[in-house]
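Biologist: I'm new to this one and would like to learn how to read it. Could you walk me through it, feature by feature?

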Amino acid sequence: MQINCIIVEDEPLAQERTKGYLTKLPFMQLAGTFDNGIDALVHLKTHPVDIIFLDINMGELSGIQLLESAQITSQVIITTAYHEYALKGFDLNVTDYLLKPYTFQRFVQAVEKAKNNLIKTAAAPPEKKFIFIRTEHRLEKTFLNEVLYIEGMRDYRRIHTTTRQIMTLQTFRDLELEIPASIICRVHKSFMVALDKIDAIEKDTILLHNTVIPISDTYRKSFFQHINHPAK
């Protein structure tokens, strides 16, 4: 796996150290070196890279400001002499935080972490954007980002979206097999909810689009796992 990267660092000696480490890793390809965040940001807009080695304290635009001012999709490895920015860095979802002077071994650990993240991202299936719902006479294309919740009504399921309602005889089981639970999750024997449409959760109920939806004990644990909160 060939990985391209850039170095954003205003200290010449630190630049040379990172370049030297990179030459020892044949799968790493250096696409550019920048001594300021502004030039790096301009470069990234037209030349995305896999990994950014990013210093914190630099002239007009610091490393933190660069991360805050742009949508960075690269793996970011902070390289700095200042430990006090570590928490802020991880708040911005950096891959690793190297404190200068760092050893080659520690550098390799950070690169391997970024490499593993890149492999996982490449292997992940593309996010599902729509499904076809079987109605009485046809298949209705339904975009998942428009779904609010799905309600069970005896033999039917009613799919509430931002623009319409669709009635189907497809079972909850059919729908669960088609829709990733990370997008629309079962929370009750009679309800599935779109996680990104939830307004609030209060005790055993979900508030969503002026609707109160119950959370049952059967689905409680898995629901809270999908929203990354422990069930109370």
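**Hairpins, burial and turns**

Modeller: Let's begin with a pair of strands: β13 (residues 200–202) and β14 run antiparallel and are joined by three bridges. Strands here are DSSP runs of E with at least two residues, helices are runs of H or I with at least four, and both are numbered from the N terminus. Two strands pair if DSSP finds at least two bridges between them.

Biologist: Before we go on, what sort of model is this?

Modeller: It is a predicted model, where local features need pLDDT of at least 70 and side-chain atom pairs count only at pLDDT 80 or more, while totals for chains, interfaces and linings use all residues. Residues are numbered from 1 along each chain as its sequence is written, and side-chain values use heavy atoms, with hydrogens and water left out.

Biologist: Back to the pair, then. Which residue in β14 is the bridge partner of Glu202?

Modeller: That is Thr205. The two strands form a hairpin with two residues between them. One residue of that turn, Lys203, has a phi near 55°, which is a positive value in a residue other than glycine.

Biologist: Is Lys203 buried or exposed?

Modeller: The idea is to look at relative accessible area: buried means under 20%, exposed over 50%, and partly exposed in between (1.4 Å probe, protein chains only). Lys203 sits in the loop between β13 and β14, and it counts as exposed because its relative accessible area is 73%.

Biologist: What does β14 pair with on its other hairpin, and over how many bridges?

Modeller: With β15 (residues 211–214), again in the antiparallel sense, over four bridges. Leu208 stands opposite Thr211 there. β14 and β15 form a hairpin too, with two residues between them, and His209 in that turn has a positive phi of about 55°.

Biologist: And why does His209 count as partly exposed?

Modeller: Because its relative accessibility is 49%. His209 lies in the loop between β14 and β15.

Biologist: How should I read the side chains along a strand?

Modeller: In a regular strand, side chains alternate between the two faces of the sheet. Take β14 (residues 205–208): Ile206 and Leu208 point to one face and are buried, whereas Thr205 and Leu207 point to the other and are not. You can look for a similar reading in β10, where Ile166 and Thr168 make up the covered face and Gln165 and Met167 the uncovered one.

Biologist: Where does β10 fit in?

Modeller: β10 runs antiparallel to β9, and four bridges join them. In that pairing, His160 is opposite Gln165. The hairpin from β9 to β10 passes through three residues. Thr163 is in the loop between β9 (156–161) and β10 (165–168). Thr163 is exposed because its relative accessible area is 59%.

Biologist: How far is Thr163 from Asp204 in sequence and in space?

Modeller: They are 41 residues apart in sequence and 28 Å apart in space, going from C-alpha to C-alpha.

Biologist: Can you show me a buried threonine?

Modeller: Try Thr79, which is found in strand β4 (residues 75–80). It is buried, since its relative accessible area is 2%.

Biologist: What does Thr79 touch?

Modeller: A contact means heavy atoms within 4.5 Å. Leaving out residues up to four places away in sequence, Thr79 touches several residues, including Glu9, Phe53, Leu98 and Lys100. Lys100 is worth another look: a cis peptide bond joins it to Pro101, with omega about -10°. Pro101 lies in the loop between β5 (96–99) and α5 (104–123).

Biologist: What about the whole chain?

Modeller: The protein chain has seven helices and 15 strands. Buried residues make up 43% of its 232 residues. Among contacts with a separation of 6 or more, 48% are between residues 24 or more positions apart.

Biologist: What radius of gyration does the protein chain have?

Modeller: The radius is taken over C-alpha atoms, and the globule rule is 2.2 Å times the number of residues to the power 0.38. A compact globule of 232 residues would be near 17 Å, but this protein chain has 24 Å. Along the principal axes, its C-alpha atoms fill a box of roughly 70 × 40 × 30 Å.
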